[in-house]
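Hello,

Here is the structure I promised to hand over. Please load it first, then read my notes below.

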Amino acid sequence: MSMSITNILVCGIGGQGVMTATEILAEAALSLGFDVKKTEVAGMSQRGGVVTSHLRFGPRVLSPQIAPGDADLLVGFEAAETLRWVHMLRPGAEVLTNIGRIVPPVVNSGRYDYPDDPVAQMTALGLTVHAFDATAIALELGEIRLGNTVMLGAMAARLPFPDDVLEQAVLARFAKRKPQLLELNREAFARGRAAVAVAGATAG
Amino acid sequence: MAAVQPAPAHSRQFLSGNEAVARAAWDAGVRVAAAYPGTPSTEILEVLARFPDLYTEWSVNEKVSLEVALGASMVGARALCAMKHVGLNVASDALMTLTVTGVEGGLVIVVADDVGMSSSQNEQDSRFWGRFAHLPVFEPADSQEAYTLTRAAFAVSEQFRTAVIVRLTTRICHVKGAVTAGDREVVEPTGFEKDPPRWVMVPGHAKPRLPLMFDREAALREAAEASEFNVLEPGKDMGVGFVTSGPAGMHVLEAFPDAPVLRLGFSYPPPLERIRALAAQVDRLVVVEETEPLLETELKAVGIDCHGKDILPRLGELPPNILTPAIDRLLRGEAPVEVERPAPQPVFPRPPTLCVACPHLGVYYTLSQLRNVIISGDIGCYTLGAGHPWNALDTCISMGASMGMALGMDKGRGAKDANKKIVAVIGDSTFMHMGMQGLLDITWNRGNVTILLLDNRTVGMTGGQDNPASGRDIHGQEAPRVDFVQLCEALGVRRERIRKLDPYELPTLFKALREETKIDEPSVIITDRPCVLIGEYKPTQAYKVIDDTCTGCGNCLDVGCPAIHVTRRGQETKPSGKVVDLAFVRIDTAACTGCGLCVQPCAPEAIVHAQRLQPLSFIRQPGSTA
């Protein structure tokens, strides 16, 4: 696979804003003149199911799918979901994950266990993991739906984009669709960015 | 919903395959577009409905949508209908004869195969319909091609006076890529010409038209040989060459940059001579097609030696990580070295669930409390009732099938099932799609079936599209609303056997089901509360659990609401000596919308209203599609 292609895998569960976040990433990449393809597997995701979004950009993108072992960056909106997709990463790649948990009915009913410590499990695999509580930040800002902007802020420093390109893409989207949420999103982005700078990485 | 002005021509847009098809239809001057919602095709009509200067509709089923489009074509207008793969099964009766009449205005049938089965009851290859109905098939490989080929399909449709099938897959429909649109055409309808030998398909008229259909197919074969949409991507390594179509074409280009690849955009009739020419240049020819070996079989039939499903999977998608090892084994006879990557970590499954406060929760909780029932199910969100904790749906086959199957169970049962009650469960949209005829069959033939008609006033599973039960059209404008009580009565159910009730009132629902299943004639129980994802649903005050009062009985967990979480587990020894498991719970007050279902089975009355502390959870929000 061409080295000039960047592969980002974003995962979470239906309703968390995984697709919207990836869409904004795609808009940022497009604004820089890259060829971009984005694909989702979101079967019945609105009903609490697993969502993954593949984003590939570079000079020319053919297949929209990231092959297992080819992802450069894994961004997880929910701790166990991040763990679910680690096999998609190339060895030594980076992981950015929310440590917030969404426990499904299959765990509540006692039929399955939630992993004890998903971050430690990923670190043990030799991955560089940036973990922080995006859910808590969003709730502090008073709107849990800001979680995806917090996650985008956390991604900002890990992309082959000039500074501020991603933030501008986020703000451009809200300026157009929900101007009343512009300032709140600016803050959410900054908080996400700062959170990973403070948290640093746990490397295995 | 106000019309939007589409982005200017020649601008670079980032569109999904569905959006690109919609834009192409608009640019082609389509006057009528119709569809029944179905993943992965739904967004085509959702997008078209927002464009100006054309008529769009949600039809009650795919057959009707195709007939609407055909009628528009008969008066000389350009028309499009879109559906998921199984929709074309429903529409096929019209399809198999419109191929005999041919068309007047350009008619394009977009069919979206769910390759990989993200949201369907089966995986089937709609390219068969092109062979079966002798219709041309176009297969785009990405969003830009979805645009280009849909536009070209209208031109081919009018040139050859035939409907054209544009076959998409999930990996086209839901992949976004850069698209540059062209200029919009303005196409005036040419007018209806009375011509019974052409339009009235009785044997005497149809018989002389059949040879014309085969002449047309021969002419289309010539067109495919010359088509600019069948592209040979040259390669310098002649060890292996590929023939491919659809998204698999992009996977092949990605995985084998040095191999010659013939990508078929105009894939049926296949350009056999061009394929033969490629075969002569390469050591081995491999056909890469999703999903069935259609082209492969056709090539072998004309003596073109090739590989295909002997080395590639018969099911699912064919991305590079599937293709590369298969070709390695073919060329070198050995399994390739696996790509180095972190080991997969086992994580619990996260199957889809019914939403917090979904009215179907009440239905399935109640059904799960009944014994000795066979529950004939149908297609929609409520198919999830087959899962945990309800286990209250026993069959699911096709749209509307719950009706006929329930009748067949009733008529076919022997001594083993003599004491069982037969219940059919069907949603409002599915009932209108294909269930009404089944109900008529039940009443006419005196079946003993209790029907639960779950009216949530929307097509829920595909993201909340309007239907005749919503009282709104595709634009959200007020439209006539069907009256299910009158409809069921007209279909032969006695008025006394039709009840309309609130599925959140568990005792009422339970009593109604008990009574109606005991009566020896067809009855219909209509549950009448809106889907929680549509505007009509009004959230109320959330509930919480009083920790000290909760006894851990776990009754509330049987409702299956995703807002109820277990905080700790325990065990208790009853006076009888029996040991029971305990599960103490909390309610996620940010997610709870106060439906009150869990309050009703709570024995110690530990569930009470909570002051709302946080905004509504992001877990459920309207507008996204399944």
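How many of the 11 residues of helix α14 (residues 359-369) of chain B are buried? The count is 9, so to speak of a mostly covered helix is fair. One caution before the rest: this is a predicted model.

**Helix α14 of chain B**

The buried residues of α14(B) are P359(B), H360(B), L361(B), G362(B), V363(B), Y364(B), Y365(B), T366(B) and L367(B). Several elements of chain B help to cover them, including β14 (373-376), β16, α18 (506-518) and β18. Two of those strands, β16 and β18, come up again next.

**Strand β16 of chain B**

Strand β16 (residues 450-455) of chain B is largely enclosed by the rest of the structure, because 6 of its 6 residues are buried. In a regular strand, side chains alternate between the two faces of the sheet. Here both faces are covered. T450(B), L452(B) and L454(B) are buried on one side. I451(B), L453(B) and D455(B) are buried on the other. Note the aspartate, D455(B), in that second set.

β16(B) has strand partners to look at. Strand β15 (residues 421-427) of chain B runs parallel to β16(B), with 5 bridges between them. V423(B) has T450(B) as its bridge partner in β16(B). Helix α16 (residues 428-444) of chain B completes a right-handed β-α-β unit with β15(B) and β16(B). Strand β18 (residues 523-528) of chain B also pairs with β16(B) in the parallel sense, over 6 bridges. There, L454(B) is matched with T527(B) of β18(B).

**Domains of chain B**

Chain B is split into domain 1 (12-226), domain 2 (231-332), domain 3 (359-528) and domain 4 (543-609). The centres of domain 2 and domain 3 of chain B, taken over C-alpha atoms, are 47 Å apart.

**A four-strand sheet in chain B**

Chain B also has an open sheet of 4 strands. The order is β9-β11-β10-β13, and the pairing is mixed. β9 (230-233) and β13 (284-288) of chain B are the edge strands. Each has a single partner strand, so one side of each is left without a neighbour in the sheet. From one strand to the next, the twist averages 15°. β9(B) and strand β11 (residues 261-264) of chain B run antiparallel and share 4 bridges. N230(B) is bridged to L264(B) in β11(B).

**Where the chains meet**

In the interface, 54 residues of chain B contact 57 residues of chain A. On the chain B side, the elements giving two or more residues are β8 (175-180), α10 (248-255), α13 (320-332) and β20 (564-573). The chain B residues there divide into 30 nonpolar, 16 polar and 8 charged. Strand pairing crosses between the chains too: strand β2 (residues 35-41) of chain A and β8(B) run antiparallel, joined by 3 bridges. K37(A) has G177(B) as its bridge partner in β8(B).

**Strands in chain A**

Strand β1 (residues 6-13) of chain A runs parallel to strand β4 (residues 71-76) of chain A, with 4 bridges. I8(A) is bridged to L73(A) in β4(A). β4(A) also pairs in the parallel sense with strand β5 (residues 89-98) of chain A, over 5 bridges. L73(A) has E94(A) as its partner in β5(A). The chain crosses from β4(A) to β5(A) through helix α2 (residues 79-84) of chain A, and this β-α-β crossover is right-handed.

Best wishes

Key: Residues numbered from 1 in each chain as written. Chains lettered and ligands numbered in written order. Predicted model: local features only at pLDDT ≥ 70, side-chain atom pairs only at ≥ 80, totals over all residues. Contact = placed C-beta atoms within 7 Å. Nonpolar A, V, L, I, M, F, W, Y, C, P; charged D, E, K, R; others polar. Pairing = 2+ DSSP bridges. Buried ≥ 20, exposed ≤ 12 C-beta atoms within 10 Å, placed from the backbone. Right-handed = clockwise from strand over helix to strand, strands pointing away. Domains from an automatic or database assignment. Axes fitted to C-alpha atoms, helices over the stretch in contact; angles between N-to-C directions.
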